[in-house]
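User: I'm new to this one and would like to learn how to read it. Could you walk me through it, one feature at a time?

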Amino acid sequence: MRQFRVVPCMIAVAVVLLLSPAARADQFTFQNAVVDLTASSNTVTVTIQNTLTNAQVQSVAQNISALYFQVTGYTGSGVSLSSSSGQTTDIYSGTGTLQGVTSTGWVASNFGSGLTLCVVCAAPVQNQTAPQMTIVGGAGSGAYANANASINSNGPHNPFLVGTVSFTLYVPGVTADSTFSNVVVQFGTSATPPTAVPEPGSIALVLSTGATIFGGMAIRFRKPS
């Protein structure tokens with residue numbers, strides 16, 4: 001008799017575990033950037049990719065240098081960067097040469113009512129890595145025929161991160177049910193934080209904004225948990 005009482009309990013527990021989300025993942029797309037944000041217990045995982053091809057890379061103004069976002073459940077203090085990694089490249093004489101995977105040199109901090117992840121950081125956040133390690137488009141190797149002097153053979157700006165760059169943030173209060181909003185990507189080597197972050201809106205508004213500035217609001221896609 002004892003065996004028949006235990007088995008239903010085990011089944012019930014298994015059903016609850018299967019129905020409980022382990023993490024929430026959302027994807028945000030910008031003019032030449034894709035950002036994936038995943039929330040779990042006290043943790044936000046971020047991946048960022050610059051989607052330009054080698055031939056489309058022209059200026060460091062197209063490079064990704066910071067991310068701003070809000071996430072529900074965050075307690076407002078104590079955020080830190082647990083780990084980060086990305087492929088690096090040097091672009092000299094019109095050619096990219098991959099240099100290997102390393103820590104990004106980016107930092108994470110609270111910023112206003114939200115968070116920032118940055119290499120070119122707005123005050124009061126500081127980062128000594130800038131202006132190196134912004135995220136460039138392309139494969140990181142081969143010809144960068146259209147890259148101008150802000151990228152090509154530019155010692156202060158080299159090396160760059162390239163490909164999918166990954167970050168893990170400790171964010172107290174965040175859970176698997178937390179949601180992301182007001183996601184803004186910063187491009188270039190000047191800190192341009194959002195002064196009034198817009199609420200999520202229509203795709204038409206996103207496209208009209210993207211026609212005039214690199215940063216701004218994102219089109220969001222929910223990934224299956």
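Analyst: Sure, let's begin with a single side chain. Trp106 has a relative accessibility of 4%, so it counts as buried, the cut-off being under 20%. Keep in mind that this is a predicted model.

User: What does Trp106 pair with, and is that pair stacked, tilted or edge-to-face?

Analyst: The general idea is that a pair of aromatic rings is described by the distance of the centres and the angle of the planes. Here, Trp106 pairs with Phe167: the centres are 5.2 Å apart and the planes stand at 45°, which makes the pair tilted. The two residues sit 61 apart in the chain, with Trp106 in the loop between strand E6 (95-102) and strand E7 (107-111), and Phe167 in strand E11 (residues 160-170).

User: Is Phe167 buried or exposed?

Analyst: Phe167 is buried, at a relative accessible area of 1%.

User: How many aromatic pairs does the structure hold?

Analyst: There are three. One of them joins Phe69 and Phe180, with ring centres 6.0 Å apart; the angle between the planes is 65°, so this pair is edge-to-face, since that label needs over 60 degrees. This pair also links distant parts of the chain: Phe69 belongs to strand E4 (residues 64-71) and Phe180 to strand E12 (residues 180-187), 111 residues apart. As for cover, Phe69 is buried at 2% relative accessible area, and Phe180 is buried at 2% too.

User: Now zoom out for me. How many helices and strands does the protein have?

Analyst: You'll find two helices and 13 strands. Of the 225 residues, 41% count as buried. For contacts between residues at least 6 apart in sequence, 72% join residues at least 24 apart. On the outside, the protein exposes about 10,800 Å², and 58% of that comes from carbon and sulfur atoms.

User: Where is pLDDT below 50, and what contacts does the model have there?

Analyst: First the general idea: where pLDDT is low, the predicted coordinates should not be read in detail. In this case the mean pLDDT is 84, and 77% of residues reach 70 or more. Residues 1-20 fall below 50, and that stretch has zero contacts in the model beyond near neighbours in sequence. Residues 197-216 also stay under 50, but there the model has 27 contacts beyond four places in sequence.

User: So which stretches should I treat with care?

Analyst: Residues 1-20 and residues 197-216, going by their pLDDT. Low values are a cue not to read the predicted coordinates in detail.

Technical notes:
Residues numbered from 1 in each chain as written. Predicted model: local features only at pLDDT ≥ 70, side-chain atom pairs only at ≥ 80, totals over all residues. Heavy atoms only, no water. pLDDT = per-residue confidence, 0-100. Contact = heavy atoms within 4.5 Å. Phe/Tyr/Trp six-rings, centres within 6.5 Å; stacked < 30°, edge-to-face > 60°. Helix = DSSP H or I, 4+ residues; strand = E, 2+ residues; numbered from the N terminus. Buried < 20%, exposed > 50% of the residue type's maximum accessible area, 1.4 Å probe, protein only. Areas by Shrake-Rupley, 256 points an atom, 1.4 Å probe, with all protein chains shown as cover.
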